[in-house]
Amino acid sequence: MDEIIKEAKHKMDKSIEAFRQEISKVRTGKATTALLDGIKVDYYGTATPLNQVGNVSVLDAHTLSITPWDKNMVSLIQKAILIADLGYNPLNDGTNIKIPIPQLTEERRKDLGKLAKKFGEDAKIAIRNIRHKAIDELKKLEKNKELSEDLRRDGEVDVQKVTDNHVETIDEIVAHKEKEIMEI
């Protein structure tokens with residue numbers, strides 16, 4: 001029984017981590033290197049993550065800077081950012097790339113808040129599916145006489161506690177992201 005709960009907790013932790021990565025891509029109007037995560041650059045025929053071909057840094061609250069390790073990569077990095085269609089207009093000075101992050105409109109902020117909530121709901125569904133599978137496994141053990149009814153109920157309570165903790169974490173992350181989005 002403990003193994004089932006431990007496995008469910010592990011899977012829920014992984015779901016939270018995937019959710020954190022997903023929600024970090026929601027733009028807040030502030031410059032952060034996470035905005036460029038997922039951009040791949042054609043580095044001598046290989047699709048390579050942007051942060052592996054140059055130094056990505058935050059210049060100020062509304063500007064990112066990329067300094068390629070290979071100066072021949074400047075135009076390829078600029079092209080990769082444009083192809084990613086994130087709404088950025090990278091400026092190339094021959095050795096570095098600067099990316100101004102535009103301010104968000106009120107309407108766009110509301111849309112991004114809704115998107116953050118949607119990601120949160122999707123993550124909660126994943127958590128609940130894990131809970132459902134864990135409870136099914138406990139019921140199966142009880143049916144096979146490997147677990148008493150009382151132990152199964154105790155296991156279900158424990159699984160529900162783990163589920164509640166993870167759902168609460170998701171709600172906190174969404175609330176923090178919404179606050180971040182609405183800040184001007």
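**Figure 1. An open sheet of four strands, in the order 3-4-6-5, with antiparallel pairing.** This close-up of the predicted model starts with the sheet and its borders. Strand 3 (54-60) and strand 5 form the edges, each pairing on one side only. Further in, strand 4 (residues 63-68) meets strand 6 in the antiparallel sense, and four bridges hold the pairing. A good place to begin tracing that pair is T63, which stands opposite P100 in strand 6. As a general reminder, strands of a sheet pair through backbone hydrogen bonds, either parallel or antiparallel.

**Figure 2. Strand 6 (residues 97-100) has a covered face and an uncovered one.** Which residues of strand 6 lie on the covered face, and which on the uncovered one? I97 and I99 make up the covered face, while K98 and P100 belong to the uncovered face. Two of these residues also help to place the neighbouring strand 5: I97 is the bridge partner of N92, and K98 stands opposite L91. P100, for its part, has T63 across from it.

**Figure 3. Strand 5 (residues 91-92) and strand 6 form a hairpin with four residues between the strands.** The two strands pair in the antiparallel sense over two bridges. Look for G94 in this hairpin: its phi is positive, near 100°. Strand 5 is also an edge strand of the sheet, pairing on one side only.

**Figure 4. Q78, in helix 2 (residues 74-83), reaches across to P90 and N92.** Which partners does the side chain of Q78 find here? One is the backbone oxygen of P90, at 3.1 Å. Another is the side chain of N92, with which Q78 makes a polar contact of 3.2 Å. Once neighbours within four places in sequence are set aside, Q78 is in contact with P90, N92 and I97. Two of those residues belong together in the sheet, for N92 in strand 5 has I97 as its bridge partner in strand 6. I97 also sits on the covered face of strand 6.

**Figure 5. Strand 1 (residues 40-43) and strand 2 (residues 46-49) make another antiparallel pair.** Four bridges join these two strands, and one handy landmark is V41, whose bridge partner in strand 2 is T48. The hairpin has two residues between the strands, and Y44 takes a positive phi near 50° there.

**Figure 6. The largest nonpolar core has 27 residues.** The residues with the most contacts inside this core are F19, I23, V26, I127, V159 and I170. Helix 1 (2-24), helix 3 (106-143) and helix 4 (149-182) are the elements that give two or more residues to it. Helix 3 gives the most, with 10 residues. Apart from this core lies another, of 19 residues, which includes V41, L50, V53 and I66. In general terms, nonpolar side chains tend to be buried together in soluble globular proteins.

**Figure 7. I127 is in contact with residues far along the chain from its own neighbours within four places.** Leaving those neighbours aside, the contacts of I127 are M12, S15, I16, T163, H166, V167 and I170. Among these, M12, S15 and I16 are buried residues of helix 1, and I170 is, like I127, one of the residues with the most contacts inside the largest core.

**Figure 8. Helix 1 has eight buried positions to follow along its length: I4, I5, A8, M12, S15, I16, F19 and I23.** What covers them includes helix 3 and helix 4. An α-helix has 3.6 residues a turn, so residues three or four places apart point the same way. The length of helix 1 can be checked too: at 1.5 Å a residue, its 23 residues should span 33 Å, and because its end C-alpha atoms are 33 Å apart, the two values agree.

**Figure 9. Helix 3 and the residue K145 that follows it.** The 38 residues of helix 3 should span 56 Å at 1.5 Å a residue, which agrees with the 55 Å between its end C-alpha atoms. After the helix comes K145, whose phi is positive, near 65°.

**Figure 10. The close-ups set back into the chain, with its four helices and six strands.** Along the sequence, the pattern reads α-β-β-β-β-α-β-β-α-α. The C-alpha atoms fill a box of roughly 70 × 40 × 20 Å along the principal axes. The chain has a radius of gyration of 22 Å, whereas a compact globule of 184 residues would have one near 16 Å. Buried residues make up 38% of the chain.

Methods: Residues are numbered from 1 along each chain as its sequence is written. This is a predicted model: local features need pLDDT of at least 70, side-chain atom pairs count only at pLDDT 80 or more; totals for chains, interfaces and linings use all residues. Side-chain values use heavy atoms; hydrogens and water are left out. A polar contact is a pair of N or O atoms within 3.5 Å; within protein, one must be able to donate a hydrogen and the other to accept it, and residues adjacent in sequence count only if both atoms are side-chain atoms. Contact means heavy atoms within 4.5 Å. Buried means under 20% relative accessible area, exposed over 50%, partly exposed in between (1.4 Å probe, protein chains only). Two strands pair if DSSP finds at least two bridges between them. A nonpolar core is a set of buried Ala, Val, Leu, Ile, Met, Phe, Trp, Tyr and Cys residues joined through side-chain atoms within 4.5 Å. The expected span of a helix is 1.5 Å times one less than its number of residues. The radius of gyration is taken over C-alpha atoms; the globule rule is 2.2 Å times the number of residues to the power 0.38.
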